[in-house]
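Thanks for coming. I will show the structure first and then go through a few points about it.

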There are 4 protein chains.
Amino acid sequence: MTIADRMIQTSPSKGVIDATSLAACIAACFECAQACTACADACLGEHEVEMLVRCIRLNMDCADVCVAAGRVVSRQTAFDPVLARAIVESCATACKQCGDECARHAEHGMEHCRVCAESCRGCQNACIDLVAALAA
Amino acid sequence: MTIADRMIQTSPSKGVIDATSLAACIAACFECAQACTACADACLGEHEVEMLVRCIRLNMDCADVCVAAGRVVSRQTAFDPVLARAIVESCATACKQCGDECARHAEHGMEHCRVCAESCRGCQNACIDLVAALAA
Amino acid sequence: MTIADRMIQTSPSKGVIDATSLAACIAACFECAQACTACADACLGEHEVEMLVRCIRLNMDCADVCVAAGRVVSRQTAFDPVLARAIVESCATACKQCGDECARHAEHGMEHCRVCAESCRGCQNACIDLVAALAA
Amino acid sequence: MTIADRMIQTSPSKGVIDATSLAACIAACFECAQACTACADACLGEHEVEMLVRCIRLNMDCADVCVAAGRVVSRQTAFDPVLARAIVESCATACKQCGDECARHAEHGMEHCRVCAESCRGCQNACIDLVAALAA
């Protein structure tokens with residue numbers, strides 16, 4: 001059991017959202033924030049950095065949005081579904097845009113982009129699942 | 001002229017968005033991130049903190065979303081309108097939810113909530129204006 | 001193998017720091033950022049919130065410092081040991097201050113503070129190890 | 001009077017630090033976070049991006065540390081001088097490293113680096129002043 005799971009279980013504020021979807025989304029947002037930060041950096045270290053400008057830019061944006069989403073969904077007290085849905089949906093969009101760009105470079109042998117695209121896809125899906133859980 | 005204005009003017013990447021709407025949105029996002037961080041803290045220092053739980057929570061969320069939006073709109077290179085619109089719209093939503101809550105406490109004499117509500121309204125409007133400029 | 005490990009392995013920028021210490025510090029910083037965000041929220045949801053004001057404040061500070069440290073240590077390209085040491089040392093300090101406060105409340109039955117204190121200790125140690133690896 | 005000044009004045013938590021040094025440091029940290037984010041982006045849009053790799057990297061680091069420092073110093077409730085000094089000192093270090101690099105590129109005609117270097121110097125000094133005020 002991760003620290004994030006244990007924080008959900010020990011919180012006095014409960015019940016608004018399905019704990020499994022929530023824990024998955026929290027983990028995915030923090031993982032993707034890290035992956036995108038590291039991918040921007042790895043792209044910046046490549047010889048053909050000028051081919052990776054759009055990738056670096058989307059990595060930086062996606063990292064920022066994932067940090068915000070990960071922090072918002074880590075909070076259960078006085079949960080606001082309108083605000084939560086807005087940031088989680090925008091995180092799914094950021095992950096889609098960044099993941100598509102990374103996937104393009106993965107096809108040309110950029111292995112860090114392959115790993116990052118995988119993390120973006122996972123986070124996009126976790127965000128979509130959480131939005132569905134919020135609507136339920 | 002602010003540092004943010006000068007950064008826009010000296011950037012080699014130009015022309016996607018109206019510079020006035022852009023500069024206003026950047027300034028508003030960073031100002032509101034600071035105001036919400038300070039308002040969460042001020043609420044936490046009040047005697048009747050249990051009356052301010054929802055306000056603190058929304059302040060923390062809004063600060064996080066404003067930081068992300070402020071950073072994304074500070075970037076002009078390889079600008080992605082889909083991602084930008086998503087985070088700026090979610091920032092307008094966060095500012096609406098937080099500003100409404102702060103306005104409620106302002107009516108009961110919480111002066112820091114009055115200042116924060118003003119900043120949230122300004123940021124909400126600047127985000128709406130930028131989304132309109134993106135669509136134009 | 002985690003995404004963070006795979007990002008280190010696929011980066012073109014290598015060799016400055018021991019990869020094991022680095023991966024441990026990255027994971028610990030992001031984990032602790034999440035734990036502190038969640039602990040501030042859990043404290044805010046407790047009945048005796050006025051007893052937990054200092055804990056909430058330190059949780060918010062520690063989360064912010066851990067996000068910054070986690071992002072800086074995720075970058076290997078053009079690594080700057082002076083800047084890296086400064087933020088990683090300040091992260092160890094933030095984790096010490098927050099972990100001590102959480103441990104105090106853990107003794108009085110606050111289970112989320114116990115989990116968070118554990119994460120703070122782990123992150124403090126991972127930061128100290130990374131600073132030692134930087135000096136080596 | 002800025003929103004940050006008004007937030008300090010309306011906070012119920014007062015007196016630990018000189019309000020003038022505090023307000024200056026808050027403003028400088030948020031300004032520099034924005035400037036460094038925009039400078040990383042402007043550098044990424046330059047033709048000779050490979051000459052600017054170290055600058056982009058330090059810009060990203062400095063932006064992250066400034067956000068953390070700016071948020072920590074925006075909080076007055078249950079103020080912890082040990083944690084505050086640690087993050088503000090590391091912010092001064094980040095601004096020194098980034099400002100030095102930007103100043104180098106400013107000499108070669110990078111106007112965004114000139115503006116960013118100015119903001120880094122201002123933030124470095126504001127952080128040093130605040131640490132002095134904390135020690136007083």
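Before the first point, one cut-off: a residue is called buried if 20 or more other C-beta atoms lie within 10 Å of its own, exposed if 12 or fewer, and partly exposed in between. Please also keep in mind that this is a predicted model.

With that cut-off, take helix α3 of chain D, residues 53-73. Of its 21 residues, 19 are buried, so α3(D) is largely enclosed by the rest of the structure. From first C-alpha to last, α3(D) reaches 30 Å, close to the 30 Å expected at 1.5 Å a residue.

Next, how the chains pair up. I start with chains A and C. A turn of 180° with a shift of 0.0 Å along the axis lays chain A on chain C, and the RMSD is 0.0 Å. The two copies are thus related as by a two-fold rotation axis. Which C-alpha of chain A is nearest that axis? It belongs to A:Phe30, and the distance is 3.3 Å. Both copies use the same surface, in that 100% of the contact residues of chain A recur in chain C.

As for what is in that contact, chain A puts in 32 residues and chain C puts in 32 residues. On the side of chain A that touches chain C, at least two residues come from each of α1 (3-10), α2 (19-44), α3 (53-73) and α5 (111-135). Which of these helices gives the most? That is α2(A), with eleven residues. Sorted by class, this side of chain A has 13 nonpolar, twelve polar and seven charged residues.

Now chains B and D. Here the contact takes 32 residues from chain B and 32 residues from chain D. The side of chain B that touches chain D draws at least two residues from each of α1, α2, α3 and α5 of chain B. Its largest share, eleven residues, is supplied by α2(B). The classes on this side of chain B are 13 nonpolar, twelve polar and seven charged.

Last, a backbone detail. Most residues other than glycine have a negative phi. A:Ala78 has a positive one, near 50°. Where does A:Ala78 sit? Its place is the loop between α3 and α4 (81-106) of chain A. A:Ala78 has 19 C-beta neighbours inside 10 Å, so it counts as partly exposed.

In chain C, the phi of C:Ala78 is positive too, near 50°. C:Ala78 is found in the loop between α3 and α4 of chain C, and with 19 C-beta neighbours inside 10 Å it counts as partly exposed.

Technical notes: Residues are numbered from 1 along each chain as its sequence is written. Chains are lettered from A and ligands numbered from 1 in the order in which they are written. This is a predicted model: local features need pLDDT of at least 70, side-chain atom pairs count only at pLDDT 80 or more; totals for chains, interfaces and linings use all residues. Helices (H or I, at least four residues) and strands (E, at least two) are DSSP runs, numbered from the N terminus. The expected span of a helix is 1.5 Å times one less than its number of residues. Copies are superposed by least squares on the C-alpha atoms of residues with pLDDT of at least 70 in both. Two residues are in contact if their C-beta atoms, placed from the backbone, lie within 7 Å. Ala, Val, Leu, Ile, Met, Phe, Trp, Tyr, Cys and Pro count as nonpolar, Asp, Glu, Lys and Arg as charged, and the others, Gly among them, as polar.
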